[in-house]
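New to this one? Have a look at the sequence and the 3D view below, then read on for a short tour.

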Amino acid sequence: MFQAKIRSDTLKGIVNIISTLVDEAKFNISPEGLNLKAVDPAHVAMIDLNVKKEAFEEYSADETKIGVDLDKIKDVLKLASSGDMVEMSQDEEKSRLVMKVGNIVRRMNLVDTSSMSDPRVPELNLPAVVELAVGEIQKGIKAAESVSDHIALTAEEGYFELYSEGDTDSVNLRLEKDQLKEISVEGKARSLFPLDYFSNLVKAIPSDTSVRINLGNNYPVKIMFNLADGKGNVGYLLAPRIESD
Amino acid sequence: MFQAKIRSDTLKGIVNIISTLVDEAKFNISPEGLNLKAVDPAHVAMIDLNVKKEAFEEYSADETKIGVDLDKIKDVLKLASSGDMVEMSQDEEKSRLVMKVGNIVRRMNLVDTSSMSDPRVPELNLPAVVELAVGEIQKGIKAAESVSDHIALTAEEGYFELYSEGDTDSVNLRLEKDQLKEISVEGKARSLFPLDYFSNLVKAIPSDTSVRINLGNNYPVKIMFNLADGKGNVGYLLAPRIESD
Amino acid sequence: MFQAKIRSDTLKGIVNIISTLVDEAKFNISPEGLNLKAVDPAHVAMIDLNVKKEAFEEYSADETKIGVDLDKIKDVLKLASSGDMVEMSQDEEKSRLVMKVGNIVRRMNLVDTSSMSDPRVPELNLPAVVELAVGEIQKGIKAAESVSDHIALTAEEGYFELYSEGDTDSVNLRLEKDQLKEISVEGKARSLFPLDYFSNLVKAIPSDTSVRINLGNNYPVKIMFNLADGKGNVGYLLAPRIESD
């Protein structure tokens, strides 16, 4: 059983993050809230998302799993104005999700979750920690996209840098200590990542959100942030690319 | 002879409605105003539109017929800001329509109306009557479009419902008596319609417009509303689809 | 050596004008400012643009030539909000241009200018002079585009007219003496021009800009205007088309 009511903006924020990685998602639902673990089809990135029941206006659930097509949720969210409420309930007999916005009711078939196993979230030892408002790097990402498909993240004592290099041009964005909320690194940590994954995620996060980035040398990056006014959180892991030179 | 001056917004409203059905239109012009009767090429819908001379700022005409390409009128309307006046006059010698917005004059060849006969508007006996602000159903239409190509309209004592069903999902919008301006039906009236026609019309009507819907069982629907601040009116007939089950 | 700082809006205005004609541009740089002379690949139009050093917030340069890909400059300008500063400097060793907006640095390869010779600006004797705010004709241009690929400009004692004629429709915009800042013509001057070139230029000029048009009979038109708050100026020459009738 699952029955909930949530502000459309909150749900929109959650769906935007998840749909940077997958089209269909399996939510693990419990009386305390919901969790989602997913990897993209190419196994380049992984997301681990939690939303507490307090993020909802109303929430009541048993342990259950719900598989949904995120495009359908987005269709419904397009009908909601900012501030509107969205009601959801699981119709277990017909294995459908019923969503309600204002007078409109949409019933949608659930996605079969039997083949969707939860990925195991690896333990990583990432020596560098950077914290900053994500808005600080959103323009830099946009700049990088016009020169390359990759982006190198570097943390060193006193600064955090994004660097992209193409055949003829390069872009870099360097944030000094005073533009960061926190930086803690011994020596230097630098890894190269696929720009599209990094960019899609960074653009989906509201610009005033504080993100915490854990970085190593030629190692995955872990990006952590809150959503739903702190009543939810996301851990996002992105695999590195091998630098060729 | 035909010479008139009209607010660009008023003309825009009229053209938007007509162009949901046809690309070229024949206006029957008289000293009292203009009338248009048209069916779409597939003969699925029919429109009967009247605009009184009072809808115009200036109006002076004999009995005449004017065939126009609606895209050309739209081109001219794009040059007008809200509140601008549009002047029109028939150049009978050259069978052209001359339109003026500000300093710009466009002369356009008229469409030959000799082969455009007026369709006969059928008399229908439609037992159910519903009246509502069209804005109430515009979002529901949008929701329906993501699941199906058809929409069923149902009126029964106390409510009016729009329902669309696709292979996996369904959408319905139910308006209770207190959300309607009027409902009058004996028993139940239900018919299925092609969603694209219904949607194009509903979206072209300003959302605060009151529409009157006459409905039967597996029968055409008639939709009536005013335009041009009540100085014009539209009757729109849409043929039903056969329900397969 | 070239090093400068400029308001992003000012640079945007300059680039918009140049890119109506060419994708790559060679700037001739001197201690007093910069100059560009360019013809489009089809040799239909020519631009002669000057920007004084006073248009920049900071400016310091020797005699040099810089070839740039305008799309890259536009990429950088997209990162700037209105009021932001853009810093530019030539990295002579690596023959690169370094552009800076906020924390973002983009390094771009310069375009080889060795094969880009400056076109010679011809002396023309154009009898008619018209001056007007370019905004007066921007809507007329838009109207003309829906009927034809050509536009005729006519100046005669007391008025200036734009006229386009297609197979079935025509558009004209006539500005009387009191809508013009100046008109001076003996007899009549009339020439036909390719609408796309004329339109692209006219639309790229801010609508409150005063433009001076020199016109002859079946002769090129010269269009002159200021940019960068009067600290820059443009002369634009457009070749006529032969009228067929």
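## Across the A–B border

Start where two chains meet, and keep in mind that this is a predicted model. A:Met108 has B:Asp169, in β13(B), as its bridge partner. Right beside that pair in the story comes another one: A:Arg107 stands opposite B:Ser170, again in β13(B). Both pairs belong to a bigger arrangement, in which β9(A) and β13(B), the strand of residues 169–176 in chain B, line up antiparallel over five bridges.

How many residues does each chain bring to this contact? Chain A puts in eleven residues and chain B puts in 13 residues. On the chain A side, α2 (70–78) and β9 (104–109) each supply at least two residues. It is β9(A) that gives the most to that side, with six residues. Sorted by class, the chain A side has four nonpolar, three polar and four charged residues.

## A hairpin in chain B

Now follow β13(B) back into its own chain. Strand β12 of chain B (residues 159–165) pairs with β13(B) in the antiparallel sense, and seven bridges hold the count there. One of the pairings to look for is B:Tyr163, whose bridge partner in β13(B) is B:Asn172. The two strands make a hairpin, with three residues between β12(B) and β13(B).

So β13(B) has antiparallel partners in two chains: β12(B) in chain B and β9(A) in chain A. While you have strands on screen, a general point may help. In a regular strand, side chains alternate between the two faces of the sheet.

## The B–C border

Next, turn to the contact between chains B and C. Here 13 residues come from chain C and eleven residues come from chain B. On the chain C side, α3 (135–145) and β13 each supply at least two residues. The largest share of that side is from β13(C), with seven residues. By class, the chain C side splits into four nonpolar, five polar and four charged residues.

The strands meet here too: β9(B) and β13(C) run antiparallel, joined by five bridges. Within that pairing, B:Arg107 has C:Ser170 as its bridge partner in β13(C).

## One side of a helix

Helix α2 of chain B (residues 70–78) is worth a closer look. Which of its residues are buried? They are B:Lys72, B:Ile73, B:Asp75 and B:Val76. These residues cover an arc of only 155° around the axis, so they sit on the same side of α2(B). As a general rule, an α-helix has 3.6 residues a turn, so residues three or four places apart point the same way.

What do those buried residues pack against? Within chain B, the list is α1 (8–18), β6 (64–69), β7 (85–91), β8 (96–101) and β9 (104–109). Chain C joins in as well, through its β13 (169–176).

## How the copies are related

Turn chain C by 120°, with 0.0 Å of shift along the axis, and it superposes on chain B with an RMSD of 0.0 Å. That is the relation of a three-fold axis. Chain A can be laid on chain B in a similar fashion: a turn of 120° and a shift of 0.1 Å along the axis give an RMSD of 0.0 Å.

## Chain A as a whole

Zoom out to chain A by itself. Its makeup is four helices and 18 strands. Its C-alpha atoms fill a box of roughly 55 × 35 × 35 Å along the principal axes. A compact globule of 245 residues would have a radius of gyration near 18 Å, and chain A agrees with that at 19 Å.

Of those 245 residues, 38% count as buried. Contacts often reach a long way along the sequence: among those in chain A between residues at least 6 apart, 68% join residues at least 24 apart.

## A last stop at A:Gly135

For one such spot, find A:Gly135 in helix α3 of chain A (residues 135–145). Is A:Gly135 buried or partly exposed? It counts as partly exposed, because A:Gly135 has 15 C-beta neighbours inside 10 Å, and a residue needs 20 or more to be buried.

Leaving aside neighbours within four places in sequence, A:Gly135 is in contact with A:Ser207 and A:Asp208. A:Asp208 is 73 residues away from A:Gly135 in sequence, yet their C-alpha atoms are 6.0 Å apart in space.

Conventions. Residues are numbered from 1 along each chain as its sequence is written. Chains are lettered from A and ligands numbered from 1 in the order in which they are written. This is a predicted model: local features need pLDDT of at least 70, side-chain atom pairs count only at pLDDT 80 or more; totals for chains, interfaces and linings use all residues. Two residues are in contact if their C-beta atoms, placed from the backbone, lie within 7 Å. Ala, Val, Leu, Ile, Met, Phe, Trp, Tyr, Cys and Pro count as nonpolar, Asp, Glu, Lys and Arg as charged, and the others, Gly among them, as polar. Two strands pair if DSSP finds at least two bridges between them. Copies are superposed by least squares on the C-alpha atoms of residues with pLDDT of at least 70 in both. A residue is buried if 20 or more other C-beta atoms lie within 10 Å of its own, exposed if 12 or fewer, and partly exposed in between; C-beta atoms are placed from the backbone. The arc is that of the directions from the helix axis to the C-beta atoms. The radius of gyration is taken over C-alpha atoms; the globule rule is 2.2 Å times the number of residues to the power 0.38.
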